[in-house]
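Student: Could you walk me through this model, one piece at a time? I have not looked at it before.

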Amino acid sequence: MIESLLPAYVSCAATREESVPDGTLFPEEEELVARSVPKRRNDFATARACARRAMGRLGLEPVAVLHGKRGMPLWPEGIVGSLTHCDGYRAAALARDADVLSLGVDAEPHAPLPEGVGELVVRPSERERFAGPPAGEAGAAGAIHWDRLLFSAKESVFKTWYPLALTELDFDEADLTFHRDDDRAAFGTFTARLLRTDPALPPVLDGKWRVEDGIVATAVLLRPDWRVALSPPEGR
């Protein structure tokens, strides 16, 4: 599912398994989750099993994936990537830094956000754009749980932002607009206008989304040449 949102030069691996065999983790990874509850341990281990499959597809030897601040995965030199896990789906996406500057992927169960969470995630301007029939009814909103999709997309935006800016981006510091060619389509694109600027990032990030088999998946990819793409034509 994640692979459908990213170009072929990004190596993706995913699973719907909730756990992996003992011995999957490297010793240094084991130390990070030694005192964790079983769910946290399973999420951690299954995502890293996906990461090592993605490494293999890039011709890399499997290595431990530790994490830094805010849980940011620490990848081998020359590699960028992102991990995600939710009930029923885990995935990893990796690429060489010659092809990708930063990327973020996220997966969530396709269901409404818990009560009270939407107020923290959805900006007033976004709420106006999503106004329409409730999810599941006919019309512009289709059967998509837009609040959950928005949450996932912002997670992908933030996972792309953080490794470059090394500062946190709040939910209200990105304003998202979603696009799809057909009101019945369960996939499309989105545009994230960043309301906090940083010289390491463009003011707008583009992404893709998809809803399939009860899962919402989103992805954002920023290429190394983004500054060239934003440069005005010569003579202006």
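Student: Let me start with a pair of side chains: what do Asp43 and Lys39 form where their side chains meet?

Tutor: Keeping in mind that this is a predicted model, the side chains of Asp43 and Lys39 meet in a salt bridge, with 2.9 Å from N to O.

Student: And how far apart are Asp43 and Lys39 along helix α2?

Tutor: They are four residues apart in helix α2, so about one helical turn separates them.

Student: Which of the two is buried, and which is partly exposed?

Tutor: Asp43 counts as buried, because its relative accessibility is 6%, whereas Lys39, at 46% relative accessibility, counts as partly exposed.

Student: Which residues are linked with them in a network?

Tutor: The network of salt bridges links Glu18, Lys39, Asp43, Asp87 and Arg90.

Student: How many salt bridges are there in total?

Tutor: The count comes to 15 salt bridges. Another one of them joins the side chains of Arg41 and Glu30, again with 2.9 Å from N to O. That pair links distant parts of the chain, since Arg41 belongs to helix α2 and Glu30 to helix α1, which covers residues 27–32, and the two are eleven residues apart. Arg41 is partly exposed, with a relative accessible area of 26%, and Glu30 is partly exposed too, with a value of 24%.

Student: What about Arg148, which residue does it form a salt bridge with?

Tutor: Arg148 forms a salt bridge with Glu108, and the closest N and O atoms are 3.6 Å apart. Arg148 lies in helix α5 (residues 146–165) while Glu108 lies in strand β6 (residues 102–109), so this salt bridge ties together parts that are 40 residues apart in sequence.

Student: Are those two buried or exposed?

Tutor: Arg148 counts as buried because its relative accessibility is 10%, and Glu108, at 12%, counts as buried as well; the cut-off for that word is a relative accessible area under 20%.

Student: Switching topic, what is the order of the strands in the open sheet of three?

Tutor: The order is β1-β5-β4, with antiparallel pairing. The edge strands are β1, residues 11–15, and β4, residues 79–86, each of which pairs on one side only. From one strand to the next, the twist averages 10°.

Student: How many bridges hold β1 and β5 together, and which residues stand opposite each other?

Tutor: β1 pairs with β5, which covers residues 89–96, in the antiparallel sense over five bridges. Within that pairing, Ser11 stands opposite Leu94 in β5, and Ala13 stands opposite Ala92 in β5.

Student: Which helix packs on the sheet?

Tutor: Helix α2, residues 38–57, packs on the sheet and touches β1, β4 and β5, while its direction makes about 35° with that of β5.

Student: And why is β1 described as largely enclosed by the rest of the structure?

Tutor: Four of the five residues of β1 are buried, so this strand is largely enclosed by the rest of the structure.

Student: Then which residues have the most contacts inside the largest nonpolar core?

Tutor: That core has 31 residues, and those with the most contacts inside it are Val157, Leu176, Phe178, Phe190, Leu205 and Trp209. The elements that give two or more residues to this core are α5, β7 (174–179), β8 (187–194), β9 (204–212) and β10, and α5 gives the most, with ten residues. Apart from this core lies another, of 19 residues, among them Ile2, Leu6, Cys86 and Ala93.

Student: You mentioned β10; where is Thr218 found, and what does it touch?

Tutor: Thr218 is found in strand β10, residues 215–222, and it counts as buried because its relative accessibility is 0%. Not counting residues up to four places away in sequence, Thr218 touches several residues, including Ile2, Leu5, Phe190 and Trp209. A polar contact of 2.8 Å also joins the side chains of Thr218 and Ser156.

Student: One last thing: which residues other than glycine have a positive phi?

Tutor: Leu166 is one of them, with a positive phi of about 55°, and Asp213 is one too, with phi near 50°. Leu166 is found in the loop between α5 and β7, while Asp213 lies in the loop between β9 and β10. Leu166 counts as exposed at 52% relative accessibility, and Asp213 is exposed with a relative accessible area of 62%.

Conventions. Residues are numbered from 1 along each chain as its sequence is written. This is a predicted model: local features need pLDDT of at least 70, side-chain atom pairs count only at pLDDT 80 or more; totals for chains, interfaces and linings use all residues. Side-chain values use heavy atoms; hydrogens and water are left out. Two strands pair if DSSP finds at least two bridges between them. Axes are lines fitted to C-alpha atoms, for helices over the stretch in contact, and angles run from 0 to 180 degrees between N-to-C directions. Contact means heavy atoms within 4.5 Å. A salt bridge is a side-chain nitrogen of Lys or Arg within 4 Å of a carboxyl oxygen of Asp or Glu. Buried means under 20% relative accessible area, exposed over 50%, partly exposed in between (1.4 Å probe, protein chains only). A polar contact is a pair of N or O atoms within 3.5 Å; within protein, one must be able to donate a hydrogen and the other to accept it, and residues adjacent in sequence count only if both atoms are side-chain atoms. A nonpolar core is a set of buried Ala, Val, Leu, Ile, Met, Phe, Trp, Tyr and Cys residues joined through side-chain atoms within 4.5 Å.
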